[in-house]
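Got your viewer open? Let's take a walk through this protein, one selection at a time.

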Amino acid sequence: MEDKRKLPTLKYDYLGMDCKSLKQSLANRMEFSAGKDLYTATPRDWYHISSWVIRDRLIERWMETMRTYYQQDSKRVYYLSLEFMIGRTLTNSALNLGIQGEFAKALNEIGVDLEETQEMESDAALGNGGLGRLAACFLDSMASLGLPGYGYGIRYEYGMFNQRIENGYQIEHPENWLRYGNPWEFPRAEVIYSVKFNGRVLSFPDESGEMHHRWVDSDDVMAMAYDTPIPGYGATTVNNMRLWSAKSSRDFDLKYFNEGNYIKAVEDKNESENLSKVLYPDDTTEMGRELRLKQQYFFVSASLQDVLFRHQKHHDSFDQLPDKVAIQLNDTHPVLAIPELMRILMDCHNLTWERAWTITTGTFAYTNHTLLPEALESWPVAVIEKILPRHMQIIYEINHRFLDEVMHRHPGDFELLRRMSLIDESSGKRVRMAYLAVVGSHKVNGVAALHTQLMKSSIFADFDRFYPGKIINMTNGITPRRWLNQANPDLSQLISSKIGEGWITDLFELKKLTPLAEEREFRQSFRQIKHGNKVKLAALIKKTLDIDVNPNSMFDIHVKRMHEYKRQLLNVLHVVTLYNRIRSNPESNITPRTIIFAGKAAPGYYLAKLIIKLINDVASIVNKDPAIGGKLKVVFLPNYNVSLAEKIVPACDLSEQISTAGTEASGTGNMKFALNGALTIGTLDGANVEIQEEVGEENIFIFGMTTPEVEERKRNGYNPWECYHGNADLKTVLDMIGSGYFSPAELNRYRPIIDTLTHHGDRYMVLADYPAYVARQEDVAALYQDQESWSRKAILNTANMGKFSSDRTISEYAKQIWETKPVKTLIKNEKKRSR
């Protein structure tokens, strides 16, 4: 219950937002926090000093926001995600506070360059791909909309890895993003929870014969909180992201230390703290798989203990939990939260199963992000029984009660029971985490209209029939604050000069750009900004790779996680096709292209890493061939992250979104590129379908098979050899790659790729879609030569991106799933401070 003690009143020295006040704060922080002066402060010092100055102003609003939530007893949203790709924070926070200009001026008067200062910030290594970037966009939107939202995750010490390209190969290096400290976080040593592993379950009846369970003889790890303020636009609301760091329950064993066995003395400490060391440890070993499971449970257990502690401070019954708390599970990684909440309610607070289950299902909702069967997490029962013995008991009971329901409604249908069971017994007993999420949540959502439709007709078809209305669609979105206002300031200024700044918080305002697409002067201004962004990216490519690229060429960009279904390989086949055409007819009127790849492959994903090597080998040959005459360049930019994306996205002419139809859940890169005036070449997959609906068929380059056509071709016995023998260009390209044309030092280097595309069945239909892709690329090239028409279509893409704001997405979550409303935070003395 709430602490009613009377606290003394403190007066705060609220900080000014003008240049003079900011300059004074910089001077104070330089001397009193950094312990430096103008002569000794380094660029890194200035980054930390600048961060503290901005952070101080966020804290005022952060405290007011948190107090408002408590005073109004607001229903809170807790977003549980194993990834949060928040990128850099300095610029984003200054923009959201509305002081970017004044802050740059203050630094300039001291003799410090803001751009140089910003470059000292490391990306927060808290994610790898779209899952984490989506989570970061959602936190931004919750704060911008004034929704009481919290992010919960893990404070990875090393992130996934730092990707370097050495001799064309991806080499993984530790991503030590915390090496110089993180000025944005607040360690909360007092917020610490015990998380149990291993041990055994003690079961015993009470006086009435009711069975009780206690988890005993466990190995305990401590979870310590680190808080980061998340400002919304205008910074009226500043929400919280709380990340957990693993701490040992004891630092070292003094007995071993005194005996001189120093390694043994800290063994327990090191093993415990490994839990938050690395994002996605390699799961090709049993130890790596166990560490992943422990990571997932570690962060959900700590988060739930924290959520319930906060709830109990102000409410005397857990029955109120679904009315005051909404927990969103971002993919299957946090799904252990379902049996964990059941365990806490039953074992720690003595609630009955029925009461605990009503609370649990009323609190959780689950977002699915994949249709690929191998990406739907499942865990061996034996592993869960060993690491989380009580949870396995609870999962068995959930499954037993659920299958009883199924049996009562479909008596005698044992095949249905087998299909819907939370335990897959087809090849050893495994827990189907996605099924557990569906059964234990009150709502389940897909992330694009097509994705949700396919969820209902494929992986969750039985569940959709059993729970009609439970599965709904929430098309993903991106935050325009980061992906246009921050990433593309010149275009943002042009747009605001024509239609005002309302688009920053209401992206549908961009619709007002539609008539401007017909104005030659606006098209020219739009085109000049794109060219300026391409010049900047060309300079980055030269600095990073020492490759000269022509900003007047088409920047054809394919940046995303390396995976076969994303079909970077299809793009490479087109690159080689272009190369052959230019070589065979150097005088032809071929549109010059710079084809840019970026993305990380999972360390254990051999074929994806080989595709990276292929891209670099092709680039090496193409870029040095004098017969090409600069008409084609290929580059692979290493270590793709949010900050690099912010430089790539505004410079893109053509956005490659070419996954096999029916494999991409949504995609958000497609939205970022289109928002910044790129045209898309893509399949009818994920959110591409809805992007086409918004921008119009004439303003997007769609090609290839649809999802039903893919399925039909597979059913009819797809034979990739027919594609190989039936298309002379394709045969030539594959023969070149397979025979060692691009790898003369190792002729058979790419046989595994060729075998995957031919002998092993071409699972992702690369060869089947090749002719349509190449033909559509010819349409792209022809249009690019008509720059006025291209610019018109590019503007119409930007103008019709309103639907794809994460503000719209989060508003729909709030209404249809979370049932929560915005809370207005009043910042005291705001007028006084702004003077």
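Which helix does Trp62 lie in? Select Trp62 and you'll land in helix 2; helices here are DSSP runs of H or I with at least four residues, strands are E runs of at least two, and both are numbered from the N terminus. Before going on, two notes: this is a predicted model, where local features need pLDDT of at least 70, side-chain atom pairs count only at pLDDT 80 or more, and totals for chains, interfaces and linings use all residues. Residues are numbered from 1 along each chain as its sequence is written, and side-chain values use heavy atoms, with hydrogens and water left out.

**Stop 1: around Trp62**

Is Trp62 buried or exposed? Trp62 is buried, at a relative accessible area of 2% (buried means under 20% relative accessible area, exposed over 50%, and partly exposed in between, using a 1.4 Å probe and protein chains only). Now show what surrounds Trp62: leaving aside neighbours within four places in sequence, Trp62 is in contact with Phe186, Arg188, Asp227, Thr228, Pro229, Val238, Asn239 and Asn240 (contact means heavy atoms within 4.5 Å). Then add Ile827, which is 765 residues away from Trp62 along the chain, and check the C-alpha atoms of the two: they are separated by 9.7 Å.

Two of the residues you just displayed lead on to something else. Arg188 and Asp227 belong with Arg242, Asp306 and Arg310 in a network of salt bridges (a salt bridge is a side-chain nitrogen of Lys or Arg within 4 Å of a carboxyl oxygen of Asp or Glu).

**Stop 2: the cores**

Next, colour Trp244, Phe298 and Phe460. These are the residues with the most contacts inside the largest nonpolar core, which has 149 residues (such a core is a set of buried Ala, Val, Leu, Ile, Met, Phe, Trp, Tyr and Cys residues joined through side-chain atoms within 4.5 Å). Helix 2, residues 43-72, gives the most to this core, with 10 residues. A second, separate core has 116 residues, and Met554, Leu573, Met705 and Leu757 are among them.

**Stop 3: salt bridges**

How many salt bridges does a search of the whole structure find? The search turns up 55. For one of them, select Glu172 and Lys609, whose side chains meet at 2.8 Å, N to O. Glu172 is in strand 4 (residues 169-173) and Lys609 is in helix 24 (residues 606-624), so this pair ties together parts that are 437 residues apart in sequence. Glu172 is partly exposed, with a relative accessible area of 29%.

Another salt bridge joins Lys542 and Asp546, again with 2.8 Å from N to O. Here Lys542 counts as partly exposed at 35% relative accessibility, while Asp546 counts as exposed at 57%.

**Stop 4: two helices crossing**

Show helix 22 (residues 520-545) and helix 33 (residues 787-799): they pack at an angle of about 80 degrees, with axes 9 Å apart. Axes are lines fitted to C-alpha atoms, for helices over the stretch in contact, and angles run from 0 to 180 degrees between N-to-C directions. Helix 22 and helix 33 are therefore roughly perpendicular to each other (angles of 65 to 115 degrees count as roughly perpendicular, under 35 as roughly parallel, over 145 as roughly antiparallel and the rest as oblique). Turn on side chains where the two helices meet: Phe522 and Phe526 are among those from helix 22, and Ala794 and Ile795 are among those from helix 33.

**Stop 5: helix 27**

Move to helix 27 (residues 688-695), where the buried residues are Asn688, Glu690, Ile691, Gln692 and Val695. What covers those buried residues includes helix 18 (449-457), helix 26 (669-675) and helix 33. Just after helix 27 comes Gly696, with a positive phi near 100 degrees.

**Stop 6: positive phi without glycine**

Most residues other than glycine have a negative phi. Now select Ala235, which has a positive phi of about 55 degrees although it is not a glycine. Ala235 sits in the loop between strand 8 (219-231) and strand 9 (238-248), and is buried at 0% relative accessible area. Finish at Arg567, with a positive phi near 60 degrees. Where is Arg567 found? Look in the loop between strand 17 (554-559) and helix 23 (568-584). Arg567 counts as buried too, at 0% relative accessibility.
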